Amino acid sequence: MKLVKSLKRIARYCYLKMVKEKGPPEYVARGWAVGVAANWILPIGQMPLALALSFLFRGSKIGALLGTWLTNPLTTLFLYPLQCYVGSLILSSLSLGRYLSFSYFEQALHVVIEDKSWDTTLEAIRGASFDVVFSFLVGGAVFVVISAPATYFLTHSIVTRFRRIREKRAALKRAARQECAAQQDSN
């Protein structure tokens with residue numbers, strides 16, 4: 001129960017930071033989009049990358065950092081394996097790499113266990129590492145193409161809607177104050 005309450009508090013904090021940030025909605029949305037995209041590009045060092053990308057794309061620095069921070073636990077545990085899988089499917093279908101299945105890793109480990117020589121071990125690790133890293137990068141590119149525009153448009157619509165509602169409320173309060181002042185002047 002405490003976990004759910006904590007997650008709600010974090011989500012509310014991020015929402016309020018998003019909608020109340022100064023600058024046009026496009027600026028805020030660009031920052032959040034590059035923050036989410038940074039998670040798919042590198043397995044480590046996403047925060048510095050998100051900050052650099054926010055300068056490059058002239059987006060919100062706070063949004064970039066919060067977008068990275070908020071999505072990082074999600075991508076690390078659940079989506080990085082999916083990212084590698086998608087990348088390996090694409091690479092194997094283009095005949096540019098191997099399909100990364102459980103049996104692929106089992107075969108690479110079997111070679112290491114059977115041969116027991118240092119050279120064979122390094123070669124097996126190097127070969128598997130290259131396939132995993134290349135698959136990770138290709139899968140990441142696919143997820144960036146999907147998640148960055150989706151994050152941009154979602155953030156833009158949330159910020160725009162919030163600001164429109166806030167402006168309507170402010171206009172109603174101004175009108176009520178003016179009406180009240182007019183009534184006091186007539187008395």
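Two worked exercises follow, on a helix pair and on a pocket in this predicted model.

**Exercise 1. Classify the packing of helix α2 against helix α3, and name the residues that make the contact.**

Step 1. Locate the helices. α2 covers residues 25–41, and α3 covers residues 46–56.

Step 2. Take the geometry. The two pack at an angle of about 135 degrees, and their axes lie 8 Å apart.

Step 3. Classify the angle. Over 145 degrees would count as roughly antiparallel, and 65 to 115 as roughly perpendicular. An angle of about 135 degrees therefore makes α2 oblique to α3.

Step 4. Add the handedness. The crossing of α2 past α3 is right-handed.

Step 5. List the contact. α2 contributes Val-34, Gly-35, Ala-38, Asn-39 and Ile-41. α3 contributes Gln-46, Leu-49, Ala-50, Leu-53 and Ser-54.

Step 6. Sort by character. Six of these contact residues are nonpolar, four are polar and none is charged.

**Exercise 2. Describe the largest pocket: its volume, its lining and the helices that supply it.**

Step 1. Give the volume. The largest pocket holds about 220 Å³ of space.

Step 2. Find the centre. The lining has 14 residues, and Met-18, Trp-32, Thr-151, Leu-154 and Thr-155 are the closest to the centre.

Step 3. Assign helices. α1 (2–20), α2, α4 (61–93) and α6 (118–186) each supply at least two lining residues. α6 gives the most, with five.

Step 4. Sort by character. The lining comprises 10 nonpolar residues, four polar and no charged.

Notes: Residues numbered from 1 in each chain as written. Predicted model: local features only at pLDDT ≥ 70, side-chain atom pairs only at ≥ 80, totals over all residues. Heavy atoms only, no water. Axes fitted to C-alpha atoms, helices over the stretch in contact; angles between N-to-C directions. Helix = DSSP H or I, 4+ residues; strand = E, 2+ residues; numbered from the N terminus. Parallel < 35°, antiparallel > 145°, perpendicular 65-115°, else oblique. Left-handed = near helix turned anticlockwise from the far one by under 90°. Contact = heavy atoms within 4.5 Å. Nonpolar A, V, L, I, M, F, W, Y, C, P; charged D, E, K, R; others polar. 1 Å grid on protein atoms, 1.4 Å probe; cavity = no way out; pocket = protein on both sides within 12 Å on 5 of 7 lines; lining within 4 Å. Points joined across faces, edges and corners; volume = space filled by probe spheres on them.
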